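Visitor: I am new to this structure. Could you walk me through how to read its features?

Guide: Gladly; here it is.

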Amino acid sequence: MRKIFAAVAMAATVLGALPSAAGARAYDPGLPGLPADLVAQDVSFRGSGGLDLRGSVISPANARPGRAGLVLVHGAGAGTPREKLLAEAVAFARQGLSVLVHDKRSEGYSLFTRSYSQLADDTLAAVELLRKQPGVDPGKVGVWGLSEGGWVAPLAASRSKDIAFVVVVGANSLQPLRQQAWAVAAGLRKAGVEGSLVERTEPTLYRAIAAGGMFPEPYYDAEAVLMRVRQPVLAIWGVHDLLTPPRETPPVFAAALERGGNKTYTLRFFADADHAAHRTPDGGVTRLPELAPGYAELVGSWVGEATSGSAPVARISGPAPVQADDSVGVPPAEWWESALVQAVALVMLVVAFGGYPVVALVRRVRGRRDVEVVKAARTACAAGLAVVAGAFSYVFYVVMTGGKLAAPGPLAAGRPVVWLALQALAVLTVVAAVMTGVRWRRIAATGERVRLGLVVAGGAVFLLWALYWGLLLP
């Protein structure tokens with residue numbers, strides 16, 4: 001199972017964060033799209049573990065001394081290049097800020113391995129560099145985090161008084177595992193899916209992934225971190241956020257800050273905006289290049305207030321966010337749900353259902369025709385193997401395409417046709433295993449009893465396995 005996830009990780013990981021010499025250099029004209037009214041300087045610094053990270057400091061061409069600075073923190077993804085946040089960097093620099101945007105690390109970061117603590121240390125190193133830039137007031141440097149960066153930026157701020165303020169966009173106050181399970185389930189429901197696939201199978205898969213150590217930081221406690229943040233906070237959400245529960249997250253976010261004694265926060269919602277506060281024409285599915293109108297101006301004016309000591313107190317504004325379904329907690333797996341037990345169950349199913357046809361093939365090769373074929377056993381084995389292979393393949397596909405707008409295939413009564421076919425095969429497997437059990441009781445030959453008994457045992461394991469994964473649920 002781990003090899004399957006590893007293949008997915010290999011395909012999803014983007015290489016980046018190339019090493020460079022320490023220090024600052026002249027601006028590299030390879031950074032595309034920089035307007036003439038801005039200037040940039042290529043810089044490098046050492047992040048967590050001594051890793052060299054490269055970035056650019058973008059400032060107004062006529063920048064005033066004593067200006068505020070902003071370090072941008074990427075969302076999820078390994079080695080994300082600085083160009084990914086160029087639109088934000090340009091927009092904020094035009095508000096009079098010096099903005100440091102850097103290539104995200106790929107070393108120590110993958111689909112299965114990452115540390116928010118390590119990323120926070122990278123952010124602190126970037127803050128230290130920006131505080132030393134000419135014309136930047138070291139007491140007015142803050143951090144901005146998008147999506148996953150919404151966990152990282154507050155963590156960095158909780159560790160350092162050198163950070164003057166925090167801005168987050170599409171941030172999440174829920175546990176990462178719960179957020180991800182919600183995002184995929186929401187995508188499936190948006191595509192019209194109902195029933196066991198979205199209610200049982202999808203969250204169960206995420207529990208199994210987390211239990212196998214293949215979901216990084218699954219139960220990260222964002223609330224505990226927010227309670228330690230003392231700096232002014234500006235939190236922004238697009239009303240059509242399809243990756244973070246936009247109705248549930250903000251109240252929890254504000255409550256955590258207040259429990260820590262921090263009331264200098266502003267929560268703002270933007271209409272017709274997606275997870276990254278970019279414009280969206282179709283309810284969050286498509287992200288346009290343009291930022292939501294007024295977003296950059298809000299950041300500029302709010303930073304001015306925050307760095308002058310007049311940050312707004314407990315201010316919430318904007319249209320109500322759109323969230324059709326509530327998120328559901330994804331608790332840690334019990335021992336009988338562990339990755340080891342799941343792996344053992346799969347091995348048992350493969351051996352039980354694969355052994356019967358293998359023995360039949362060996363007998364045929366040897367020319368033996370004296371053993372009667374039990375059609376029910378053959379049906380149970382064929383259907384059972386098809387369900388095991390097909391269910392995992394289909395569910396992995398659904399999960400990988402489930403965010404924003406899922407592609408589950410044709411539906412019938414709110415169920416994907418592929419899933420209905422797998423459920424029908426699961427029922428057939430159980431019925432055929434029961435019929436095999438009836439036949440097994442009448443067999444006298446020891447060898448054949450063992451062979452059919454293995455199929456019956458596989459059927460019993462399959463029944464429990466299929467119920468657990470929702471294949472035998474409506």
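Visitor: How many cavities of 30 Å³ or more does the structure hold?

Guide: On a 1 Å grid over the protein atoms alone, a cavity is a set of points where a 1.4 Å probe fits but cannot get out. Points are joined across faces, edges and corners, and a volume is the space filled by probe spheres set on them. Here there are three cavities of 30 Å³ or more, and the largest has a volume of about 90 Å³. This is a predicted model, in which local features need pLDDT of at least 70, side-chain atom pairs count only at pLDDT 80 or more, and totals for chains, interfaces and linings use all residues. Residues are numbered from 1 along each chain as its sequence is written, and side-chain values use heavy atoms, with hydrogens and water left out.

Visitor: Which residues line the largest cavity?

Guide: Lining residues have an atom within 4 Å of a point. For the largest cavity they are Val 73, His 74, His 102, Lys 104, Arg 105, Leu 119, Asp 122, Thr 123 and Val 152.

Visitor: Which helix gives the largest share of that lining?

Guide: Helices are DSSP runs (H or I, at least four residues), numbered from the N terminus. Helix 3 (residues 116-131) supplies the largest share, three residues.

Visitor: And what share of the protein's residues is buried?

Guide: Buried means under 20% relative accessible area, with a 1.4 Å probe and protein chains only. Of the 474 residues of the protein, 51% count as buried.

Visitor: What size of box do the C-alpha atoms fill?

Guide: Taken along the principal axes, that box is roughly 95 × 45 × 35 Å.

Terms used. On a 1 Å grid over the protein atoms alone, a cavity is a set of points where a 1.4 Å probe fits but cannot get out, and a pocket is an open set with protein on both sides within 12 Å along at least five of seven lines; lining residues have an atom within 4 Å of a point. Helices (H or I, at least four residues) and strands (E, at least two) are DSSP runs, numbered from the N terminus. Buried means under 20% relative accessible area, exposed over 50%, partly exposed in between (1.4 Å probe, protein chains only).
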